[in-house]
Amino acid sequence: MLSTEQSCWFIRKVICWRAAASIAWAVLLLPPITLVFVVISKFSFLHPIQTISECLYLLTSASGIFSFILLCGVILIVGFLHLEYYTVIPTIACSKIALLGQLLHPQQLINSLVHCFMGVIVAWCCAVTMGFRYKTLGYPCTQSDGHPQMCLNEYHLILLLAGAFVGFCHSLLGVIYNMNYVSFHTVQQYKYLRFKRSLPLVVKCSATQALYSVRNFIVVYLFLGYIPRTWICKTLNLHLDSSVHPLDSIAGLLDLSLLYHLWSSATFLLLTWNITLLLFRIFVTEVYSFPVQSSFTEDSHQCLPKVLTEKQPMILKFLALQDLALLSQHSPSRRCEVFSLSQPGGHPHNWNAISKECLSLLTDLTQRLVAYHDTVATNGRAKSLSSGSERKTSSETSGTEDLMSPRPVFLMKTPASVFARSVAGTPQSPLTSLFTPDLDSPFASPALRRLAAPVEQCSPWYGTVQSPHIMRRAPKLWSTSTDSQVNGSPTPSPASVPSPKQEPSKPSFLAQFLQNRKEQLPEASSQALFADSQAHIWALEGLSYLVQASFSEDQFGVVQTTLPSILSCMLVLQEAVDRHFKLPHASSKPVRSTSSMGDSTYKTLRFALRATLKTAIYRIATTFGDHLNAVQISAEHRKRLQQFLEYKE
């Protein structure tokens, strides 16, 4: 394992510089964005020339320059937050209570407060830029007796509060929509083209989110606006002008000019922050080319085979897998380095390290899928007893699939004996008695009587069941057994067994509320299962393209030694993926939202993985053809591989 200093070289030399470049470009784009905002907020159709001259004077004034410096400082803080909290694996809340826990996390609360503070700063800059009635917080006024005093400018106050509210909402939406998630594009483009293509969407998202945020803020200020207004007046010793209508009323908030300026300020705030986020995503996900091998020992930790084994940081592992997928397709010279032998010794260290890491990733995903399917199948069997014929049919079909489909041996766990209940004396409920076979019936088979009979200690079936297939078939026959069945007595009917009536205690409203929020969301749990599948997609592409190229480029035959393991791993993974997609919630494609800056590509990663997996197996099958019949794999895998050779999958 590499040292911590060596593993952080990529962050210092690559990621930090890329983040700095994205922040620099965001600062360079700030003057034209500010100019557009000033023109929009001050433009007058009756006096266009005067509006342009006022805008130029404002941008060159001392207050305008000071506001620009503050905006640059805000951009720097936003860029630093992106660098600190970005992730390549999204955090998906599988229940509503889990999402609430993320929103109430202390780190998230601090992040929200920072965004509120930055929103106030940007709103103050907007107020100074727009001028007129928004310029200052206080203005001189006279009392009824003619005594001068300082009165509160509520227009300036409402603009500052709106900035804080928009910043707070932006922070919460960042958690809900995973805005800190950085995805990698399938099609490689220049940074300028990616920015040009995404800019209209960023403007649309900023304007839409600003509209909803201003709407919500108006509702909040209508009912709670007197609280900050009173606090500001007492703190700064300001007074309320009785001649001005208060804004925390319907008549005061139905000011179209005020609503327009609130929306334009919120749009400007969100646009600058979203452009900073867009530039950060573009720069960080840029392709990085790792050397396959190095002539110097001190640089060996920067080579692709070593980098692939890194666990942290995840951005390093993802960029390495992306580079592997690209070199396997488009770089014959680098592929030759992968297939080369070490000197001296003649060992394929590069290929062994790359193939081992890719197979480890695919095996890990297979284990997760099998464990998830077993959990869901267990819940499904428990619910199928009280369901109709439709669920019963699907349960029988699932049981047949469990028997026919092979499973990796290392994933099987020896379960407790399903026949141990027949001698445990467990009381039988009326529901399970309907599904208990009548052993005294002349139609009962001898095999059924033999299975339900007491098990002797010398029998190999005593204790635990060693076959997973019998474990899965048993719940299809009956749920529980009693001593009466063991002794051969007939099963009592549900009507003959008196069951005491127990009044179920009704849970409280709070308990029901928490229980509903704790329920797992099937779609979210499936998305969380494939949250890091982009790495598996690149591993599949890299392995399949390298195996395809080895047919003509591998002079030493280093790939042929691991070809059986690669085929077996892919076929087992495809079986697990197919079983997962037979679940009702896994095959429905979610609707992509275009109203926020959150990247929702992780919601469709499971479909991309399924297509990539099938394509990878077909790529190998079509390249080697009948030569694959000589590969040493199991009979089940050979039968499955034959389907690909005959193009029947």
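User: Why does Cys141 count as buried?
Analyst: In this predicted model, Cys141 has a relative accessibility of 9%. Buried means under 20%, so Cys141 counts as buried.

User: And what makes Cys151 buried or exposed?
Analyst: Cys151 comes out at 0% relative accessibility. Set that against the cut-off of under 20%, and Cys151 counts as buried.

User: How do you know that Cys141 and Cys151 are joined by a disulfide?
Analyst: Look at the sulfurs: S to S is 1.7 Å for Cys141 and Cys151. A pair of cysteine sulfur atoms within 2.5 Å is called a disulfide, so this pair fits. The structure holds 1 disulfide.

User: Where in the chain are the two partners?
Analyst: Cys141 lies in strand β1 (residues 138-142), while Cys151 lies in strand β2 (residues 148-152). They're 10 residues apart, and the pair links distant parts of the chain.

User: Why is the disulfide called right-handed?
Analyst: That's down to the twist: the torsion about the S-S bond of Cys141 and Cys151 is about 60°, so the disulfide is right-handed.

User: Why is there no bond between Cys72 and Cys125?
Analyst: Cys125 has the closest cysteine sulfur to that of Cys72, but the gap is 9.8 Å. A disulfide needs the sulfurs within 2.5 Å, so 9.8 Å is too far for a bond. Cys72 is buried too, because its relative accessibility is 15%.

User: What about Cys116, buried or exposed?
Analyst: Its relative accessible area is 18%, and buried means under 20%, so Cys116 is buried. Cys116 is in no disulfide; its nearest cysteine sulfur, in Cys169, is 8.5 Å away.

Conventions. Residues numbered from 1 in each chain as written. Predicted model: local features only at pLDDT ≥ 70, side-chain atom pairs only at ≥ 80, totals over all residues. Heavy atoms only, no water. Helix = DSSP H or I, 4+ residues; strand = E, 2+ residues; numbered from the N terminus. Buried < 20%, exposed > 50% of the residue type's maximum accessible area, 1.4 Å probe, protein only.
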